[in-house]
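Okay, thanks everyone for coming. Let me put the structure up first, and then I'll talk you through a few pieces of it.

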Amino acid sequence: IGSWDGTFIYSWTQNPVWIVYDILTNDTYGLGVPEEHIDKYKFFQVAQYWDACDSVTGKFQGVDALADGTFRHKPRGLFTSIRQNQIGIPSGTAIKQRRFTLDISIADEGQAMDILNEITSSFRGALVYSLGKLTLAVDMPDEFPVMSFTEANIKKGSFSISGNKESEILSGVDVSYIDPTNHYKRETVRVDHDGSNAGNPKNQHENISTLDLKGVTRRSQALRYAQYQIAASKYL
């Protein structure tokens, strides 16, 4: 369902939000933060969005992606053909998948916030302290705006507009991820901004960003992350 009464069912998960929550609250390998000090309903809102579920009904909607030829995209009992049941969904098949997943092993000791920041950065989020609780700050484009600002409700002289320099706008992103279909080796893929490969001369400074995504094992997720970074440098 789309609503939640705050009760947890403990199980394994690939949702990075609940992995962060587990590290924060676990008394054995985590920080042991009391539940009342965490805004778990904000965590739930973000987790539902990362699972690509409808915020009202809770039903899975998914985001567009392509299968990589493995069994990862459906439970084994839900394949629609003998071929799929034997080898998984063929590579390149259009599918719906969760927006973000995390497959990570934490095998070494480290600073808790460094580990948490690595995880939250994999889903373009940040762990912040607000109104006496730990919560998540993330960009969820489907959210309703909290407030609209226009000339009618902004006090004169109180507002300033700023933006990125043209030279700071990303022209491309090299993003690396773990590829399970290639013996779990790290792969790197380049994503360019629109029109950069059109063959037309561009009077633009080349600005390539390099991203190393921890725990990301899906090419489609890595591509979406890179596309977001390019768009953010232009429009945020």
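So, let's start with a strand pairing. Gly172 has Ile208 in β7 as its bridge partner. Please keep in mind that this is a predicted model.

That bridge belongs to a bigger pattern: β5 and β7 are paired in the parallel sense, over five bridges. Zoom out a bit and you get an open sheet of three strands, ordered β6-β5-β7, and the pairing in there is mixed. Which strands are at the edges? Those are β6 and β7, each of them pairing on one side only. As for twist, neighbouring strands of this sheet are turned by 20 degrees against each other on average, if you ignore direction.

Now, what lies across this sheet? Helix α5 does: it lies across β5, β6 and β7, and it runs at about 160 degrees to β5. Quick sanity check on the helix geometry: α5 covers residues 219–235, so with 17 residues at 1.5 Å a residue it should span 24 Å, and its end C-alpha atoms are indeed 24 Å apart.

Plenty of α5 is tucked away. The buried residues include Ala222, Arg224, Tyr225, Tyr228 and Ile230. And what covers them? The cover includes the sheet strands β5 (172–179), β6 (185–192) and β7 (208–212), but also β1 (63–66), β2 (94–97) and helix α4 (112–121).

Let me pick one residue on the strand side, Val191, which is found in β6. Buried or exposed, do you think? Val191 has 9% relative accessibility, and the cut-off for buried is under 20%, so Val191 counts as buried. Leaving aside neighbours within four places in sequence, Val191 is in contact with Gly172 and Val173, and also with Leu223, Ala226, Gln227 and Ile230. There's our Gly172 again: its C-alpha atom is 5.5 Å from that of Val191, with the two residues 19 apart along the chain.

Last stop, a helix pair elsewhere in the chain. The axes of α1 (residues 16–25) and α2 (residues 40–50) come within 8 Å and cross at roughly 150 degrees. Anything over 145 counts as roughly antiparallel, so that is what α1 is with respect to α2. On the α1 side, the contact is made by Pro16, Val17, Trp18, Val20, Tyr21 and Leu24; α2 brings Lys40, Phe43, Phe44, Val46, Ala47 and Trp50. By type, the contact residues divide into 11 nonpolar, no polar and one charged.

That's my tour, happy to take questions.

How values were computed. Residues are numbered from 1 along each chain as its sequence is written. This is a predicted model: local features need pLDDT of at least 70, side-chain atom pairs count only at pLDDT 80 or more; totals for chains, interfaces and linings use all residues. Side-chain values use heavy atoms; hydrogens and water are left out. Axes are lines fitted to C-alpha atoms, for helices over the stretch in contact, and angles run from 0 to 180 degrees between N-to-C directions. Helices (H or I, at least four residues) and strands (E, at least two) are DSSP runs, numbered from the N terminus. Angles under 35 degrees count as roughly parallel, over 145 as roughly antiparallel, 65 to 115 as roughly perpendicular and the rest as oblique. Contact means heavy atoms within 4.5 Å. Ala, Val, Leu, Ile, Met, Phe, Trp, Tyr, Cys and Pro count as nonpolar, Asp, Glu, Lys and Arg as charged, and the others, Gly among them, as polar. The expected span of a helix is 1.5 Å times one less than its number of residues. Buried means under 20% relative accessible area, exposed over 50%, partly exposed in between (1.4 Å probe, protein chains only). Two strands pair if DSSP finds at least two bridges between them.
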